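Hi everyone, thanks for coming. Let me put the sequence and the structure up on the screen, and then we can walk through a few spots together.

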Amino acid sequence: MKRLQPWTVMSVTAVLLLVLVCCSKLARAEEVGKKAVGSKEAVGSKTAVGKPNFLLFMVDDLGMGDVGCFGNTTIRTPNIDRIANNGVKLTQHLSAAAVCSPSRAAFLTGRYPVRSGTAPSGQMRVIPFLASPGGLPANETTFATVLKQAGYDTALVGKWHQGMSCTHRNDFCHHPHNHGFDYFYGMPVGNVRDCGINAGTVMKTKITDQIVSVVIAITILILSVAFLKLYGIVYYNWRGYCNIVGLWAGLILLGFIFLRTFRTLNCVLMKNKDIIEQPFVLETLTPRFTEEAITYLREKKDVPFMLYVAYSKVHTALATTERFRGKSRHGSYGDNVEEMDWSVGEVMKTLDELGLTENTFVYLSSDNGAHIEEVSLEGEVHGGWNGIYKGGKAQGGMEGGIRVPTVLQWPGKLPSGVEISEPTSQM
């Protein structure tokens with residue numbers, strides 16, 4: 001692959017920085033055109049041609065070493081490699097965080113997640129539940145909002161993970177509709193182990209282990225008090241004791257029910273504001289996201305659009321359709337990477353068929369580095385590879401957690417087959 005000359009680096013960087021600015025200028029030009037021509041139809045026909053389309057792919061937990069064009073010779077990613085060959089490969093592209101919720105907030109807004117309140121400290125650094133009241137604040141401006149104001153049709157297919165509601169389930173204060181997206185089809189939270197079948201749970205953490213220890217200790221204490229009563233060492237009313245035991249047993253039962261219903265309550269698929277599948281079938285998500293993206297492109301081919309495809313892959317739990325199961329040399333993880341690459345290829349093929357490739361800016365990246373510590377219940381490695389870089393997902397102080405594989409394509413605007421090694425950012 002050719003190395004990019006300094007002057008080309010400057011030109012490519014300028015293109016990336018000025019893309020959205022150009023859209024704003026086009027929007028203002030459209031308003032002037034309306035006044036001059038006095039006809040919406042005439043203006044629409046003149047401005048729609050000049051506006052570039054945007055197709056953005058965001059993969060979940062994909063490592064620098066998981067893609068062919070970044071050095072992997074055993075996982076097959078021909079479609080991502082083709083984007084790199086037809087455009088630009090960024091080898092020093094950085095996400096703003098090593099976990100998904102804050103890094104995606106930064107990607108959407110162009111601001112560090114700490115400025116929007118989406119980068120909490122402590123162990124829980126992502127939005128854990130559908131009922132969580134937190135999320136991307138309404139006063140944050142996303143690129144979808146900017147493009148919508150510029151006359152674009154905007155859509156999100158796939159993972160949102162920026163919150164859903166604030167005070168009650170139907171206020172949708174953090175919904176994609178409130179952040180510039182006209183259409184939403186996907187997951188409000190994300191895919192975790194609990195969403196799979198017999199794939200384990202993300203609820204087993206240091207905090208939950210501590211809670212279990214406290215529950216066991218209190219239970220032993222309550223039983224010990226009963227024995228002391230039976231042997232006449234302490235004296236109290238049995239009715240009051242039974243009330244305490246009943247209350248404690250009820251709390252334990254509620255905790256058990258919560259853990260058992262996590263998948264049903266949180267692993268849901270939505271279309272706009274309606275839940276269409278609860279819980280979702282993990283194996284079918286990628287084909288359905290692919291079909292939805294293709295349908296959107298066909299429907300919006302005559303208007304300027306921004307399509308954001310945010311895959312649930314290759315985050316655990318891992319699941320693929322029968323077509324890709326057991327086909328890679330890297331177990332279930334490799335199967336999932338290859339199915340994701342297939343989906344990218346299907347969407348890109350549709351772009352070609354519709355004659356939209358020349359006028360569409362394509363961007364593909366990952367929200368953070370690969371989760372190198374992820375292992376299945378059977379001991380199979382379910383995380384990716386970050387190449388030569390130390391660390392991975394959730395390890396933001398190390399390069400492997402924030403350096404992400406990224407490729408760009410825009411025929412006629414960006415050079416083809418080149419590599420940029422200067423630092424760049426998802427923001």
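Let's start at Cys-195, which is buried because its relative accessible area is just 1%, under the 20% cut-off. Please keep in mind that we are looking at a predicted model. Now, which residue does Cys-195 form a disulfide with? The partner is Cys-267, and the two sulfur atoms are 2.0 Å apart. The link of Cys-195 and Cys-267 is left-handed, with -80° about the S-S bond. This pair ties together distant parts of the chain, 72 residues apart. Cys-195 lies in the loop between β6 (183-187) and α6, while Cys-267 lies in the loop between α8 (262-266) and β7 (269-271). Is Cys-267 buried or exposed? With a relative accessible area of 0%, Cys-267 is buried.

So how many disulfides does the count come to? It comes to 2. The other link joins Cys-166 to Cys-173, with an S to S distance of 1.8 Å. Here the angle about the S-S bond is 95°, and the link of Cys-166 and Cys-173 is right-handed. On accessibility, Cys-166 has a relative value of 33% and therefore counts as partly exposed. Cys-173, at 18%, counts as buried, because the cut-off for buried is under 20%. If you number the bonded cysteines of the protein in sequence order, the pairing reads 1-2, 3-4.

While we are on cysteines, let me point at two further residues. Cys-69 counts as buried, at 13% relative accessibility. Cys-242, at 47%, counts as partly exposed, because that value falls between the 20% and 50% cut-offs.

Now let's turn to the surface. Which residues form a nonpolar patch there? They are Leu-223, Phe-227, Leu-228, Leu-230, Tyr-231, Ile-233 and Trp-238, and together they have about 800 Å² of accessible area. Helix α6, residues 206-230, gives the most to this patch, with 4 residues. Tyr-231 is found in the loop between α6 and α7 (238-260). Why does Tyr-231 count as exposed? Its relative accessibility is 67%, and exposed means over 50%.

To tie the two topics together, α6 comes up in both: one end of the loop that holds Cys-195 is α6, and α6 is also the helix that gives the most to the nonpolar patch. That's my tour, so let's open it up for discussion.

Terms used: Residues numbered from 1 in each chain as written. Predicted model: local features only at pLDDT ≥ 70, side-chain atom pairs only at ≥ 80, totals over all residues. Heavy atoms only, no water. Patch = residues over 30% accessible without salt bridge, like charges linked within 9 Å, V, L, I, M, F, W, Y side chains within 5 Å. Areas by Shrake-Rupley, 256 points an atom, 1.4 Å probe, with all protein chains shown as cover. Salt bridge = Lys/Arg side-chain N within 4 Å of Asp/Glu carboxyl O. Buried < 20%, exposed > 50% of the residue type's maximum accessible area, 1.4 Å probe, protein only. Disulfide = S-S within 2.5 Å.
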